[in-house]
Amino acid sequence: MDVRRLELLLALSRLGSMQAVSATLGVTTSTVSQQIAALAREVGTPLIEPDGRRVRLTPAGRRLAGHAVEILAAHEAARADLDPSAEPAGTVRVAAFHTVIRDSLLPVVHRLAAEHPAVRLEIQEQEPPEALALLERDLVDLVLSYDYNLAPAAVDPALESTPLWESTWGLAVPSQSRRTSGTSAEVLAAFADSDWIVNSRHTADEHVVRTLAALAGFEPQITQRADTLQLVQEMIIAGLGVALMPAAYPKTTGISLRRLRTPEPRMRAYALTRRGRTNWSPLSLVLKLLH
């Protein structure tokens, strides 16, 4: 099978129309049509079918597009192996959560622009569940995700996981709250009657809250959900509840952070890729820079 034809089929599966493939890859729609027709003859089965004024992939076309991802990655790896001195080039699609984009990924963007301009990133902010769904559908190449030591996430065997960093979390409360100390259970017990704020798009921190509350002997009243740490802070100041927050997160007036220890909750950030993809030079470079 012709590699270029596989690239066109894969682009059609992602972009949805020959016009979009033409505009994105800088070829005519006639060329796209002819090359995919030639690929269908090579494999001996139709790969596209009419869908109104457009076309869509047949079941065989969708299966071949899935294989094309592996074939093209292997092709790229073979080229890099034969020419290891070649400069990495290509677009790495990344789905990641807000904090790791700000703290880890944006510095990589600046490094790439200065040192490896042929590699670019396409970034979208997503919480782990949405990001993993995109990776599963091969709509991104790299996911930057997180879990907690008190709520570890299971990693699909089809994925490779690379640890990035860890951060300690504490309990953020209104600054006028009474002082508390002791173990995590003892600190949380002092706020057993408070409302609690957790993430609105991911359940990991809620699992941690419930685990610590169980150690303290109470069921947390989770009444508020928010997606960003800044909004969580504003909700705490407004008197809507208490919440877990990173110990290193910039503090604002009106909030105090209670240290949690024994056990100490820690967020763990890590990179996820499809198994076998990290030998693709642009992706390998990005992972190296993230470290």
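This passage describes strand pairing, pockets, salt bridges and selected loop residues in a predicted model.

Strand β11, which spans residues 266-274, pairs with two other strands. With strand β5 (residues 142-148), β11 pairs in the antiparallel sense over six bridges, and within this pairing D147 stands opposite R268 of β11. With strand β6 (residues 159-174), the pairing of β11 is again antiparallel and runs over nine bridges; here E160 stands opposite T273 of β11. A parallel arrangement is found for β7 and strand β8 (residues 221-226), which pair over five bridges, and in β8 the bridge partner of N199 is A226. Strand β7 is largely enclosed by the rest of the structure, because four of its five residues are buried.

The positions of D147 and R268 in the paired strands are accompanied by a contact between their side chains. R268 forms a salt bridge with D147, in which the closest N and O atoms are 3.0 Å apart. This pair links distant parts of the chain, since R268 belongs to strand β11 and D147 to strand β5, 121 residues apart. The two partners fall into separate accessibility classes: R268 is partly exposed, with a relative accessible area of 25%, whereas D147, with a relative accessible area of 5%, is buried. Elsewhere, salt bridges that share partners join R14, E70, D138, R274 and R277 into one network. The count of salt bridges in the model comes to 20.

A further group of salt bridges involves R56, whose side chain meets that of E49 at an N to O distance of 3.0 Å and that of D51 at an N to O distance of 3.8 Å. Each of these three residues is partly exposed: R56 has a relative accessibility of 42%, D51 has a relative accessibility of 39%, and E49 has a relative accessible area of 28%. E49 also takes part in the surroundings of T58, a residue in the loop between β2 (54-57) and α4. Leaving aside residues up to four places away in sequence, T58 touches P46, L47, I48 and E49. T58 itself is buried, with a relative accessible area of 8%.

Two pockets were examined in the model. The largest pocket holds about 970 Å³ of space and is lined by 24 residues, of which L10, R14, T91, R93 and W280 lie nearest its centre. Its lining draws at least two residues from each of α1 (3-15), α2 (18-25), α4 (59-82) and β3 (90-96). When the lining of the largest pocket is divided by class, eleven residues are nonpolar, four are polar and nine are charged. R14, one of the residues nearest the centre of this pocket, is also a member of the salt-bridge network described above.

The second largest pocket has a volume of about 510 Å³, and 29 residues line it, with T99, W169, L229, P246 and M267 lying nearest its centre. At least two residues of this lining come from each of α5 (98-115), β5, β6, β7 (195-199), α9 (229-237) and β9 (243-246). Helix α5 gives the most to the lining of the second largest pocket, with four residues. By class, this lining comprises 17 nonpolar, six polar and six charged residues.

Certain loop positions show backbone geometry that deserves separate mention. In the loop between β10 (255-258) and β11, where P263 lies, a cis peptide bond joins T262 and P263, with omega at about 0 degrees. T262 is found in the loop between β10 and β11, and its phi is near 55 degrees, a positive value in a residue other than glycine. With a relative accessible area of 58%, T262 is exposed. A positive phi, near 60 degrees, is likewise found at D138, which is a residue other than glycine and lies in the loop between α6 (128-136) and β5. D138 is buried, with a relative accessible area of 8%, and this residue is among those joined in the network of salt bridges that share partners.

Technical notes
Residues are numbered from 1 along each chain as its sequence is written. This is a predicted model: local features need pLDDT of at least 70, side-chain atom pairs count only at pLDDT 80 or more; totals for chains, interfaces and linings use all residues. Side-chain values use heavy atoms; hydrogens and water are left out. Two strands pair if DSSP finds at least two bridges between them. On a 1 Å grid over the protein atoms alone, a cavity is a set of points where a 1.4 Å probe fits but cannot get out, and a pocket is an open set with protein on both sides within 12 Å along at least five of seven lines; lining residues have an atom within 4 Å of a point. Grid points are joined across faces, edges and corners, and a volume is the space filled by probe spheres set on the points. Ala, Val, Leu, Ile, Met, Phe, Trp, Tyr, Cys and Pro count as nonpolar, Asp, Glu, Lys and Arg as charged, and the others, Gly among them, as polar. A salt bridge is a side-chain nitrogen of Lys or Arg within 4 Å of a carboxyl oxygen of Asp or Glu. Buried means under 20% relative accessible area, exposed over 50%, partly exposed in between (1.4 Å probe, protein chains only). Contact means heavy atoms within 4.5 Å.
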